[in-house]
Amino acid sequence: MHQNSYKKKVCIVASSLSHGGAQRSAAALTFVFEKLGYEVCVATVLKGVSYSFTGRLFEIHAVKSKFHPLFTRLKKLLVFRRFLEHEKFDLIIDNRARVSIFREIIVTKCLYPKSAIYLIRNYNFKNVFTSSKRVNRWLYQDRRLVAVSKKAADKANFELGITSVVAIPNPLPETSAPSFSSDLFSDLPKKFILFCGRLEDKSKNIRLLLEAYQKSDLASQQMPLVLLGSGPDEQDLKAFAKALGIANNILWIPFVDYPFYVIKKAKFICLTSRYEGFPRALIEALSLGTPVVSVDCESGPSEIVQHEQNGLLIRNYDPHAFAEAMNRLIFDQDLYDFCQANAKSSVDHLSVAGIARQWQDYLNLPS
């Protein structure tokens, strides 16, 4: 990778470094730019550091004011602006959700240089940009944007009226995390299938997973479903599982920062989302040798799952099709063994070194 007597500096702006896929991706991105020879700094808007990262940490949230909260926000912006001016970063990468019109006008037009790069981490643009397409086009028409999937990049090019959005996937994180200790999961069944993510049905469509499980033959084969995560719909989903008559076949485990031990132990993991960006649950499972069953939602799974090679890719919103897919990976041992054998190698290109090469090409950095 690029080596130079002058070490370039990058600032990665993130909401935080804990409790979420986007946050873990921001942490993983620090290792990509370290690989490229950058001096790395992470600026966090909210409190929270759970994921491993490299470089310095600048905590914007630590700025306080005795006055009205509005003055605190303005003070944070001024402090951050002075920090950016003092540090003279060669590159700023914004990993946040950018949904507030007033704030993003200030950040994009007054705070960041035009060379800043804005990451698009979700196909549902309500979670990425402001509610005004006109404002979004004005803010980003002459800016650099990078999406985590090809479909998200294509959508951004269309909706923003530009043709310069490119796709660079999320890098794989380090998976040698402390949660590999089995002491944290003493109640884990010997064999199980797994959902890993936020318990929010609006985006994750976990009801579809529960319906598919109820229609499958897994419960009769003593193959429980483990749901690892926390979220606002947990109690509603538990009630739904009870109404389906499958409550006794489900184990609920609260969110953990490093779920890799559970993922590695699972027979396979399931994803039934209505939309995604580039789902970390899938790439992390495959990197650990765990096959996947995923719906073909917008966007990400079709760029990760190679049907009948490292898992099964199923049309969305069809519990019968998803149930049949789960049955296949349980009862067709040859298919399962083949998918499991291919899992790790199918995501080799998403290593830190692999993603660093893609960023190197995008930024036109010398080898």
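This is a short tour of helix packing and nonpolar cores in a predicted model.

**Stop 1: helices α1 and α14**

Start by selecting residues 21-35, which form helix α1, together with residues 352-362, which form helix α14. Their axes come within 9 Å and cross at roughly 65 degrees. That makes α1 roughly perpendicular to α14, and the crossing is right-handed. Now show side chains at the contact: on the α1 side pick L29, F31, V32, F33 and K35, and on the α14 side V352, A353, I355, A356 and W359. Colour this contact by class and you will find 9 nonpolar residues, 1 charged residue and no polar ones.

Stay with α14 for a moment. Which residues in α14 are buried? Select V352, G354, I355, A356, W359 and Q360 to see them. The elements covering these buried residues include α1, β4 (91-94), β5 and β6 (144-147). Just past the helix, click on N364, which follows α14 and has a positive phi, near 55 degrees.

**Stop 2: the largest nonpolar core**

Next, look at the largest nonpolar core, which holds 94 residues. Select F33, I93, L194, L210, M326 and W359, the members that touch the most other members. Helix α12 (residues 319-331) gives the most to this core, with 7 residues.

Centre the view on I93. Setting aside neighbours within four places in sequence, what does I93 contact? Its partners are V10, C11, I12, V13, L29, F33, I117, L119 and W359. Two of these, L29 and F33, will be familiar from the α1 side of the first stop, and W359 from the α14 side.

Apart from this core lies another, of 34 residues; to find it, select A43, V79, V128 and A156, which are among its members.

**Stop 3: I120 in strand β5**

Move to residues 117-120, strand β5, and pick I120. Is I120 buried or exposed? It is buried, because its relative accessible area is 0%. Leaving out neighbours within four places in sequence, the residues in contact with I120 are R98, F125, V128, F129, L145, V146, A147, V148, A156 and V165. V128 and A156 in that list also belong to the 34-residue core. For a distance to try in your viewer, go from the C-alpha of I120 to that of V166: the two are separated by 10.0 Å, although the residues are 46 apart along the chain.

**Stop 4: helices α3 and α4**

Select residues 101-111 for helix α3 and residues 133-140 for helix α4. Here the axes come within 10 Å and cross at roughly 10 degrees, so α3 is roughly parallel to α4. From α3, I101, E104, I105, T108 and K109 meet V135, W138, L139 and Y140 of α4. The classes at this contact are 6 nonpolar, 1 polar and 2 charged.

**Stop 5: helices α7 and α12**

Finish with helix α7 (residues 206-215) and α12, whose axes are 8 Å apart at an angle of about 60 degrees. That makes α7 oblique to α12, and the crossing is right-handed. To display the contact, choose L208, L209, E211, A212, Y213 and K215 in α7 with P319, H320, F322, A323 and M326 in α12. This contact has 8 nonpolar, 1 polar and 2 charged residues. M326 brings you back to the largest core, as one of the members that touch the most others.

Methods: Residues are numbered from 1 along each chain as its sequence is written. This is a predicted model: local features need pLDDT of at least 70, side-chain atom pairs count only at pLDDT 80 or more; totals for chains, interfaces and linings use all residues. Side-chain values use heavy atoms; hydrogens and water are left out. Axes are lines fitted to C-alpha atoms, for helices over the stretch in contact, and angles run from 0 to 180 degrees between N-to-C directions. Helices (H or I, at least four residues) and strands (E, at least two) are DSSP runs, numbered from the N terminus. Angles under 35 degrees count as roughly parallel, over 145 as roughly antiparallel, 65 to 115 as roughly perpendicular and the rest as oblique. A crossing is left-handed if the near helix is turned anticlockwise from the far one by less than a right angle, and right-handed if clockwise. Contact means heavy atoms within 4.5 Å. Ala, Val, Leu, Ile, Met, Phe, Trp, Tyr, Cys and Pro count as nonpolar, Asp, Glu, Lys and Arg as charged, and the others, Gly among them, as polar. A nonpolar core is a set of buried Ala, Val, Leu, Ile, Met, Phe, Trp, Tyr and Cys residues joined through side-chain atoms within 4.5 Å. Buried means under 20% relative accessible area, exposed over 50%, partly exposed in between (1.4 Å probe, protein chains only).
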